[in-house]
Amino acid sequence: MSKKEKTEHSMLSNMLYFMKLLFSVSPLLVIGECIWGVLLTLPTRLISVLGIKLMLDIVESGENLKRLYYVVIGVAVLLIVSKIIAWIFREFFWNVEREKVYQRLNRKLYEKAISLDLESYDNPDFYNNFILTIESSSDSIQNMLGLVRMYIGNVISLITISSILLAIDPVCLIIILIFVGAFMPLSKKIGKLQMDRRTDNTRFHRRSDYFQRVFYLQDYAKEVRMNNISPILMERYNDAANDVVENQRKYWLKISLYYFIQEFGVQILGFMVVLPLYLGYCVLVKHSLSAGDFVATFNGAYSVATSVNFLTVWALARFEEHGKMIEKYREFLKCETNINDGTTNAEKALPKEIKINNLSFTYPQSDHSTLNNINLTIKPYEKIALVGYNGAGKTTLTNLLLRLYDATKGEILIDGEDIRNSTLASHRDRFAAVFQDFQLFSCTVGENVALDINPDEKRVVDALKHSGFSKTLKNGVNTEMLREFSDEGIMTSGGEAQKVAIARAFYKDCPYVILDEPSANLDPVAEYNLNQAMLEAAKDKTVIFISHRLSTTINADKIYVMENGSIIESGSHNELMKQNGTYAYMFNLQAEKYRTNEDS
């Protein structure tokens, strides 16, 4: 997949980028987080330094002890007011605004995902980062806001308390900075290890998450219960889960060791040994500190140490980790597709001639070409069948026609115009496509058929009738499908689901229809009725269909037999039967099976 030239941004650049992004979505939330951080941090630290110093100085002086009550009341008011403001912000603004931010930023990700071509999903590295970005977006937002909140609170506290300490004894600051600075490089190593662990975990969790689908989705329920597949699945689940455990073991020892060295060096050696020795010297030998100064200096030094340690060690490691996540976020949003949008609007009118010239295609990450020098012409209103064994390239050819991929070589012309010159939206709008691996969506029947937010009820009913869908719908076309959003959503059999998907082709007003295995889940009677309905409804359209049931190809105007990415035979059913080649062999083989079943 082609991308813009990859550049590694600095941690600061990534932080500023993400904060700018958050600020553009909700400036009040970002500002509120900063104020909240100050309210959570500064009052308690001021009290531990100035509040206690004032109390001790009043007691030590023995004069006007009533002032002590005023100090206590002032401390209580400061704490209560800061807590109330923080509570009001959190309960009445933060929770709601945070969800809005999730929604808006996730929408950016989803819109970007929709714009990417299918080739993105063929690149394992990109797909892994894609999953990681989508799954961690909400966590990244909340973690970043929390980090900013604490960071701003600690910055303001550091400046304020440092100013107080400088007025009392600046040597304490020097002691703190020496110890914190000495162990700062470890934070970068910790951040990198944590990011590597998270990336590996995502890859391993994708494997173990597969089993969640197997054991709770209805699609797998019958197979799991009727066969002896459970032991295999359990064994593979254990293997996948063990990979996750082993990955944790791979990192935890190094990360824990680095953390221990940091904590021992800064907290124990620096603040539990060296700093107390210096303060003791000032009190006992130099007599340069009063009781209030002693407590204020010690508490202030610890407060500054905590802030500096947070800002330069703990937060740096967190920012390093989240910075790498933001890097992936930026790469994802800037990723370019191989399918470039055209500039002209394709006409959605009557069918025109489709001409495919010297078309070849190779999937990304593959050394083997899927299509080799395909040449064919489809006349307006023709009914074309593509047949062949699995892997022959039939679906790939239709994907290229829809511009879900772009050809490696060659061209596709509609009415003499290269389809790459048309905008993607207008080009795809002139096609109705029913895919072999079709999907139903958790919305109404009408929306599933129209694939539009405002379905035409009459057209939906007609389309369902043509497709042979006969299931009773409690609320008509407004009946919900699936049960993600409604407990009363209907569940369908494979055949019913396929009929809903086929109805999409009947519903859409367009000149071209592509059907990939349209009758795979249908019984012979339903298949026959569908073929008749399709021929009648699509008489004014060009139809291209892929089928392994060759009984559906008899009425096609032209049949193309594909093998190993090439067209090896073409003609009508009768012409190909007379050739007595691959098509005739496949047709006779299937016909023999039907005759054998009838005889038995």
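Modeller: Quick ground rule before we start: helices here are DSSP runs of at least four residues, numbered from the N terminus. Also, this is a predicted model.

Colleague: Fine. Which element gives the largest share of the nonpolar patch?

Modeller: H8, with 9 residues. The patch covers about 930 Å² of surface, and its members include Leu257, Phe260, Ile261, Phe264 and Tyr302.

Colleague: Why is isoleucine 261 called partly exposed?

Modeller: Isoleucine 261, which sits in helix H8, has a relative accessible area of 32%. Buried means under 20% and exposed means over 50%, with partly exposed in between, so 32% makes isoleucine 261 partly exposed. Patch members need over 30%, so at 32% isoleucine 261 clears that bar too.

Colleague: And what makes aspartate 415 exposed?

Modeller: Its relative accessible area is 52%. Exposed starts over 50%, so aspartate 415 counts as exposed. Aspartate 415 lies in the loop between strand S4 (409-414) and strand S5 (417-418), and it joins Glu347, Glu353 and Glu417 in a surface patch of negative charge.

Colleague: How do you know that lysine 508 forms a salt bridge with aspartate 429?

Modeller: Their closest N and O atoms are 3.9 Å apart. The rule asks for a side-chain nitrogen of Lys or Arg within 4 Å of a carboxyl oxygen of Asp or Glu, so at 3.9 Å the pair of lysine 508 and aspartate 429 qualifies. Lysine 508 is in the loop between helix H14 (494-507) and strand S7 (512-516), while aspartate 429 is in helix H11, so the bridge ties together parts 79 residues apart in sequence. Lys348 is linked with Asp429 and Lys508 in a network of salt bridges.

Colleague: Are lysine 458 and aspartate 462 close in sequence or distant, and what separates them?

Modeller: They are 4 residues apart in helix H13, so about one helical turn separates them. Their closest N and O atoms are 3.1 Å apart, and with the limit set at 4 Å, that pair is a salt bridge as well. Lysine 458 counts as exposed at 58%, whereas aspartate 462 counts as partly exposed at 32%.

Colleague: Are glutamate 33 and arginine 149 buried or exposed?

Modeller: Both are buried, which puts each under 20% relative accessible area. They form a salt bridge with closest N and O atoms 2.7 Å apart. Glutamate 33 is in helix H2 and arginine 149 in helix H4, 116 residues apart.

Note on methods: Residues are numbered from 1 along each chain as its sequence is written. This is a predicted model: local features need pLDDT of at least 70, side-chain atom pairs count only at pLDDT 80 or more; totals for chains, interfaces and linings use all residues. Side-chain values use heavy atoms; hydrogens and water are left out. Patches are made of residues with over 30% relative accessible area and no salt bridge: like charges are joined within 9 Å, nonpolar side chains (Val, Leu, Ile, Met, Phe, Trp, Tyr) within 5 Å. Accessible areas come from the Shrake-Rupley method with a 1.4 Å probe; for residues, only the protein chains shown count as cover. Lys and Arg count as positive and Asp and Glu as negative; His and the chain ends are not counted. The place of a charge is taken as NZ of Lys, CZ of Arg, CG of Asp or CD of Glu. Helices (H or I, at least four residues) and strands (E, at least two) are DSSP runs, numbered from the N terminus. Buried means under 20% relative accessible area, exposed over 50%, partly exposed in between (1.4 Å probe, protein chains only).
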